[in-house]
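Reader: Please take a close look at one part for me: the interior, its gaps and the residues around them. Keep it brisk.

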Amino acid sequence: MESKIIGLTGGIGSGKTTVAKFIEEFGFPVYYSDDRAKDIVNENDDLKAKIKELLGNEAYDENGHYNRKFVADQVFNNKDLLHNLNEIIHPAVRIDFEDWVKKQTKYLVFKETALLFELKLNKQCYKSVLVTAEDNIRAKRVMDRDGKTYREVEAVMEKQMPEKDKIKLADCIIYNNTNLEDLKDQTERIIFDIE
């Protein structure tokens with residue numbers, strides 16, 4: 001039996017990671033794309049060489065670890081550079097994900113990724129689930145969690161696809177504007193409604 005792939009996404013501060021944890025509690029496996037990408041850029045020598053070629057040796061520190069801050073600073077306001085970096089990293093993550101799916105036994109598996117719609121990864125999924133919340137609630141969560149200013153959070157949110165566009169593309173929507181209990185109830189309902 002082949003597992004159905006469900007894409008799980010949400011903008012910064014939406015609560016998608018919390019929803020992913022609930023999904024795991026309900027017994028379904030979740031592949032954390034962004035976390036795996038962080039591992040892959042440190043594990044894969046071929047990838048390291050390509051990233052250094054694109055961004056220079058400073059992309060890795062003296063211990064050979066990916067220099068996230070340096071890379072983020074390079075690509076934050078440079079769309080072409082970001083695109084080229086994604087062209088290196090995303091195929092490697094895709095292969096890693098495909099290998100992971102083969103090992104799963106549940107009828108549903110979830111792929112948690114921030115860029116589900118931006119990279120059109122929803123086309124490879126049976127269904128897509130969007131976790132969303134009002135912008136001011138999302139901003140407050142990130143400020144509380146990461147100690148960022150409103151302007152810093154706003155700058156990140158402005159770079160992400162607008163929520164209204166994601167809502168149009170999503171098959172299922174979880175609104176995270178109230179509390180954890182409500183969030184868990186919505187998550188459970190949506191998961192067990194997927195045929």
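Author: First, a convention for sorting residues: Ala, Val, Leu, Ile, Met, Phe, Trp, Tyr, Cys and Pro count as nonpolar, Asp, Glu, Lys and Arg as charged, and the others, Gly among them, as polar. The model is predicted, so local features need pLDDT of at least 70 and side-chain atom pairs count only at pLDDT 80 or more, while totals for chains, interfaces and linings use all residues. Residues are numbered from 1 along each chain as its sequence is written, and side-chain values use heavy atoms, with hydrogens and water left out.

Start with the gaps. Rolling a probe the size of a water molecule over the atoms shows where empty space is left. The search runs on a 1 Å grid over the protein atoms alone. A cavity is a set of points where a 1.4 Å probe fits but cannot get out; a pocket is an open set with protein on both sides within 12 Å along at least five of seven lines; lining residues have an atom within 4 Å of a point. Grid points are joined across faces, edges and corners, and a volume is the space filled by probe spheres set on the points.

Take the second largest pocket. It holds about 170 Å³ of space. Its lining has 14 residues, and Ile-5, Phe-97, Glu-98, Val-101 and Lys-102 lie nearest its centre. By class, the lining splits into six nonpolar, three polar and five charged residues. Helices (H or I, at least four residues) and strands (E, at least two) are DSSP runs, numbered from the N terminus. Helix 5 gives the most to this lining, with five residues.

Helix 5 also matters to the count of the largest nonpolar core. A nonpolar core is a set of buried Ala, Val, Leu, Ile, Met, Phe, Trp, Tyr and Cys residues joined through side-chain atoms within 4.5 Å. Buried means under 20% relative accessible area, exposed over 50%, partly exposed in between (1.4 Å probe, protein chains only). This core has 31 residues; Ile-51, Leu-55, Tyr-66, Leu-85 and Ile-89 touch the most other members. Two or more residues come from each of helix 2 (33-43), helix 3 (45-55), helix 4 (68-75) and helix 5 (79-102). Helix 5 gives the largest share, nine residues. A separate, second core of 19 residues includes Phe-22, Ile-23, Val-131 and Ile-191.

Ile-23 and Ile-191 turn up again around a cavity. The whole structure has one cavity of 30 Å³ or more. The volume of the largest cavity is about 30 Å³. Its lining is Val-19, Ile-23, Phe-110, Val-129, Ile-174, Thr-187, Ile-190, Ile-191 and Ile-194. Helix 1 and helix 9 (180-193) are the elements that give two or more residues. Helix 9 gives the most, with three. The lining counts eight nonpolar residues, one polar and no charged.

Now look at Ile-174 in that lining. It sits in strand 5 (residues 172-175). It counts as buried because its relative accessible area is 1%. Contact means heavy atoms within 4.5 Å. Setting aside residues up to four places away in sequence, Ile-174 touches Val-19, Val-129, Leu-130, Val-131, Thr-132, Leu-183, Gln-186, Thr-187 and Ile-190.

Leu-130 is one of those contacts. It lies in strand 4. It is buried, at 0% relative accessibility. Beyond four places in sequence, its contacts include Thr-9, Gly-10, Cys-172 and Ile-173. Ser-128 is in strand 4 (residues 127-132) too. It is buried, with a relative accessible area of 1%. Outside its neighbours within four places, Ser-128 contacts Gly-7, Leu-116, Phe-117, Asn-122, Leu-169, Ala-170, Asp-171 and Cys-172.

Phe-110 lines the cavity as well. It is buried, at 1% relative accessible area. It belongs to an aromatic cluster with Phe-26, Phe-28, Tyr-107 and Phe-192. Rings of Phe, Tyr and Trp (its six-membered ring) pair if their centres lie within 6.5 Å; planes under 30 degrees apart count as stacked, over 60 as edge-to-face and the rest as tilted. The whole structure has eight aromatic pairs. Phe-28 and Phe-110 have ring centres 6.1 Å apart and planes at 65 degrees, so they pair edge-to-face. The pair links distant parts of the chain, 82 residues apart: Phe-28 is in the loop between helix 1 (16-25) and strand 2 (30-32), and Phe-110 is in strand 3 (residues 108-112). Phe-28 is buried, with a relative accessible area of 6%.
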